[in-house]
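Some labels in a structural description deserve a challenge. Here each one is put to the test.

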Amino acid sequence: MTTTFDPHAITTAASARGLTKTYGTGPAAVHALDGIDVDLAPGRFTAIMGPSGSGKSTLMHCLAGLDRPSAGTVSVAGVDLRELNDDQLTRFRRDKLGFVFQAFNLLPMLTARQNILLPHELAGRSARRRPRPGTPAEIDATVKAQVDEVVEILGLTDRLDHRPSELSGGQQQRVAIARALATDAAIVFADEPTGNLDSTSSAEVLSYLRRSVRELGHTVVMVTHELDAAAYADDVVVLADGRVRTHLSAPDADELVRALGVTR
Ligand code: ADP
């Protein structure tokens, strides 16, 4: 058996080259992304920041295969997304990516544990679709160990039998994060994950996200417009008018403030 060496799989979790997204045509055209080149490092927590309308959501949607660019390339976990048809892209998202949204998106009739295990249950229905090697019993044991680890890091061990309505907003978002991390996701995309939370719960959720990157080696890409949220990230990509204005590594608060051109 030959193994193909893929440098993207090692050096970047996701990268974009000449990424362009235009909505509409003619004089009404909006250039949401205007030639983005960016490399997101694996095992790090990256925040995508910028003013409203700068292209953050569009960039995330293109990186996560939720939207197709007008031009340019996106490579995630070594896969060029242009080469996937719509069905393959859907499978790729399900097997390789995790998602955390502002609105938690938990199923209300399921307990926290059932919500966290749902992606595995869905994948396990068909052996053909199972993304992992091994017998069903081996897969169950691996998944259980992985879920136990994630649940402990996220401080949810004593909340697993509660339904979403019995949990605070911060706890619900931690369940959503556990669900995303408990799969073998190459990247977890978080879209304004603290948008529905008060400042105490936000700080808690962000420190748990950071711990999961540091202690479990996950790769998290978070869209946020909140300076305080970006302060938890390792790297910060700042967008302006659909372009990368700057890409900072471990910025301090002053650097962030300067890069964003805001006053505190
Ligand atoms: P951000 O997330 O930074 O607020 P977006 O990526 O949502 O920015 O939007 C970037 C630009 O693209 C904005 O000018 C926005 O109005 C425009 N835009 C986004 N989605 C659409 C769409 N579906 N149709 C038309 N214009 C859009």
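The questions and answers below concern a predicted model.

Q: Why is Phe104 called buried?
A: The relative accessibility of Phe104 is 11%. Buried means under 20%. Therefore Phe104 counts as buried.

Q: What is notable about the phi of Phe104, and where is Phe104 found?
A: Phi of Phe104 is near 65°, a positive value in a residue other than glycine. Most residues other than glycine have a negative phi. Phe104 sits in the loop between strand E6 (97–101) and helix H4 (112–124).

Q: Is Glu192 buried or exposed, and how do you know?
A: Glu192 has 12% relative accessibility. The limit for buried is under 20%, so Glu192 counts as buried. Its place is the loop between strand E7 (187–191) and helix H7 (199–216). The phi of Glu192 is positive too, near 45°.

Q: What makes Arg210 partly exposed?
A: Arg210 has a relative accessible area of 27%. Partly exposed lies between the buried limit, under 20%, and the exposed limit, over 50%. Therefore Arg210 is partly exposed. Arg210 belongs to helix H7.

Q: How do you know that Arg210 touches Phe45?
A: Contact means heavy atoms within 4.5 Å. Setting aside residues up to four places away in sequence, Arg210 touches Phe45, Ala231 and Tyr232. Along the sequence, Arg210 and Phe45 are 165 residues apart. From C-alpha to C-alpha, the two are 6.7 Å apart in space.

Q: Why is Thr90 called partly exposed?
A: Thr90 shows a relative accessible area of 42%. Exposed needs over 50%, and buried needs under 20%. Thr90 meets neither limit, so it is partly exposed. Helix H3 (residues 86–96) holds Thr90.

Q: How far apart are the C-alpha atoms of Thr90 and Gly170?
A: They are separated by 29 Å. Along the chain, Thr90 and Gly170 are 80 residues apart.

Q: What makes a set of residues a nonpolar core, and which members of the largest one touch the most others?
A: The members are buried nonpolar residues joined through side-chain atoms within 4.5 Å. The largest nonpolar core has 47 residues. Phe45, Ile116, Leu154 and Val236 touch the most other members. Helix H6 (residues 169–181) gives the most to this core, with 6 residues. A second, separate core has 28 residues, including Ala13, Met60, Leu97 and Val221.

Q: Which residues is Ile116 in contact with, beyond its neighbours within four places in sequence?
A: Ile116 contacts Val147, Val151, Leu160, Val175, Ala178, Arg179 and Ala182.

Q: How do you know that Ser57 makes a polar contact with the ligand?
A: A polar contact needs N or O atoms within 3.5 Å. A polar side-chain atom of Ser57 lies 2.8 Å from an oxygen atom of the ligand. That value is within the cut-off. Ser54 qualifies through a polar backbone atom, 3.1 Å from a ligand oxygen. Gly55 does so through a backbone N or O atom, at 3.1 Å from an oxygen atom of the ligand.

Q: How much of the ligand does the protein bury?
A: The ligand taken alone exposes 570 Å². The protein buries 58% of that.

Q: Which elements give two or more residues to the shell around the ligand?
A: Strand E2 (30–40) and helix H2 (56–63) do. The largest share, 3 residues, comes from H2. By type, the shell divides into 4 nonpolar, 6 polar and 1 charged. Among the residues around the ligand are Tyr23, Val30, Pro51 and Lys56.

Notes
Residues are numbered from 1 along each chain as its sequence is written. This is a predicted model: local features need pLDDT of at least 70, side-chain atom pairs count only at pLDDT 80 or more; totals for chains, interfaces and linings use all residues. Side-chain values use heavy atoms; hydrogens and water are left out. Buried means under 20% relative accessible area, exposed over 50%, partly exposed in between (1.4 Å probe, protein chains only). Helices (H or I, at least four residues) and strands (E, at least two) are DSSP runs, numbered from the N terminus. A residue is near a molecule or strand if one of its heavy atoms lies within 4 Å of it. A polar contact is a pair of N or O atoms within 3.5 Å; within protein, one must be able to donate a hydrogen and the other to accept it, and residues adjacent in sequence count only if both atoms are side-chain atoms. Accessible areas come from the Shrake-Rupley method with a 1.4 Å probe; for residues, only the protein chains shown count as cover. Ala, Val, Leu, Ile, Met, Phe, Trp, Tyr, Cys and Pro count as nonpolar, Asp, Glu, Lys and Arg as charged, and the others, Gly among them, as polar.
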